[in-house]
Amino acid sequence: MSPTIRTALIVSVLVLGLYEVTLRILSPQISEGRDQPATNTITLERYADRPQAMGTVLVGSSVSARLPANQLPADWYNLSLSGGSALTGLQLVSEDAPYPKRVLIETNVLDKDADDDALSTIENPVRREARHLFRFLRAANDPINVVRWMSLRTRGAPPADEPTSEFPTLLEVQKRSYANPLSAHFAVTLGTIRSLVARLQQHGVTVGFYEMPVDRHLVSLPRAVQMRTQLAEAFPHSRYCWVTVDDGHNWQTTDGLHLASKETDAAAQFLAAGTCLRP
């Protein structure tokens, strides 16, 4: 080994060691990354590396990812992934002990397949042990994410999500999407959901479902109705808890599908109250 390479290796080890010590001193609690994929990785890693079983775990998409953690009970974990599928979180929870007491499945976006690549990375035993030993290997502690976290602590939280002048156009896009029926592939997806739910129940986990509020113009369109109907047939209200997250008002959204910031507190509180919808 040449002196140059040896020096470079020593410097690298010293820098990583110093960064590791800094992380242990600061103990940053970072839940959001520099972009959507980074945030999803952080969310998955935090659940996979949790020190103990959770009370309730939410598995969902970006529709649920906006629910504020401070409006949910302390023993709840929101395993919802922006731009992703509830199936990714559902699969992780069903395969990863210790199991929670309850899992609530968001139904709005259940026709997207799980991200198997992300799951294989998160659950890799070597990577998991490495994250346990060295904090700098955790996605949350990527230097870019740490700098962003420190910047937000200085400048305050980013602006709230509210409807803009583009809302009518965005709503029309969602209306066209919801006017389409579910694809035939959903029958396969439904079989996967049944299998994962059965696995959780075998481990004593209570499984429930909930539909996040959307703009009233989407509620009765084919996609929403078919999703609601097929899931209710597969998981009837008489046997499963379907949690009500809606009081009937026209929920304000940024695009028809995603709740505006001022509505997310109310949705989280409805969900935490846990009133089951019965036939």
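**Notebook: salt bridges, a buried helix and a few oddities**

I began with the charged pairs, and the count comes to 11 salt bridges. A reminder to myself: this is a predicted model.

**Entry 1, the Asp-96 network.** I looked up which residues share a network of salt bridges, and found Arg-50, Asp-96 and Arg-128 linked in one. The side chains of Arg-50 and Asp-96 meet at 2.8 Å, N to O. This pair links distant parts of the chain, with Arg-50 in the loop between α2 and β1 and Asp-96 in the loop between α4 and β3, 46 residues apart. On the other side of the network, Asp-96 and Arg-128 form a salt bridge at 2.7 Å, N to O. Here the partners are 32 residues apart, and Arg-128 belongs to helix α6.

I then checked burial. Asp-96 counts as buried because its relative accessible area is 5%, under the 20% cut-off. Arg-50 is buried too, at 10%. Arg-128 is partly exposed, at 23% relative accessibility.

**Entry 2, another long-range pair.** Asp-161 and Arg-66 also meet in a salt bridge, at 3.6 Å, N to O. I placed Asp-161 in the loop between α7 and α8 (167–178) and Arg-66 in the loop between α3 (62–65) and β2, 95 residues apart. Both ends are partly exposed: Asp-161 has 36% relative accessibility, and Arg-66 has 30%.

**Entry 3, helix α4.** Why is α4 described as largely enclosed by the rest of the structure? I found that 9 of its 10 residues (the helix spans 86–95) are buried, so the description holds. The buried set runs through Ala-86, Leu-87, Thr-88, Gly-89, Leu-90, Gln-91, Leu-92, Val-93 and Ser-94. I listed what they pack against: α2 (36–48), β1 (56–60), β2 (76–80), β3 (102–106), α5 (116–123) and α9 (186–202). At the start of the helix, a side-chain oxygen of Ser-85 comes to within 2.9 Å of the backbone nitrogen of Leu-87.

**Entry 4, backbone oddities.** In the loop between α4 and β3 I came to Pro-98. A cis peptide bond joins Ala-97 to Pro-98, with omega about 0 degrees. Next I went to Ser-27, in the loop between α1 (3–26) and α2. Ser-27 is not a glycine, yet its phi is positive, about 45 degrees. Ser-27 is partly exposed, at 31% relative accessibility.

**Entry 5, a nonpolar patch.** I finished at the surface, where Leu-133, Phe-134 and Leu-137 make a nonpolar patch of about 260 Å². Phe-134 sits in the loop between α6 (125–133) and α7 (143–155), and is partly exposed with a relative accessible area of 39%.

Definitions and conventions
Residues are numbered from 1 along each chain as its sequence is written. This is a predicted model: local features need pLDDT of at least 70, side-chain atom pairs count only at pLDDT 80 or more; totals for chains, interfaces and linings use all residues. Side-chain values use heavy atoms; hydrogens and water are left out. Patches are made of residues with over 30% relative accessible area and no salt bridge: like charges are joined within 9 Å, nonpolar side chains (Val, Leu, Ile, Met, Phe, Trp, Tyr) within 5 Å. Accessible areas come from the Shrake-Rupley method with a 1.4 Å probe; for residues, only the protein chains shown count as cover. A salt bridge is a side-chain nitrogen of Lys or Arg within 4 Å of a carboxyl oxygen of Asp or Glu. Helices (H or I, at least four residues) and strands (E, at least two) are DSSP runs, numbered from the N terminus. Buried means under 20% relative accessible area, exposed over 50%, partly exposed in between (1.4 Å probe, protein chains only). Contact means heavy atoms within 4.5 Å. A polar contact is a pair of N or O atoms within 3.5 Å; within protein, one must be able to donate a hydrogen and the other to accept it, and residues adjacent in sequence count only if both atoms are side-chain atoms.
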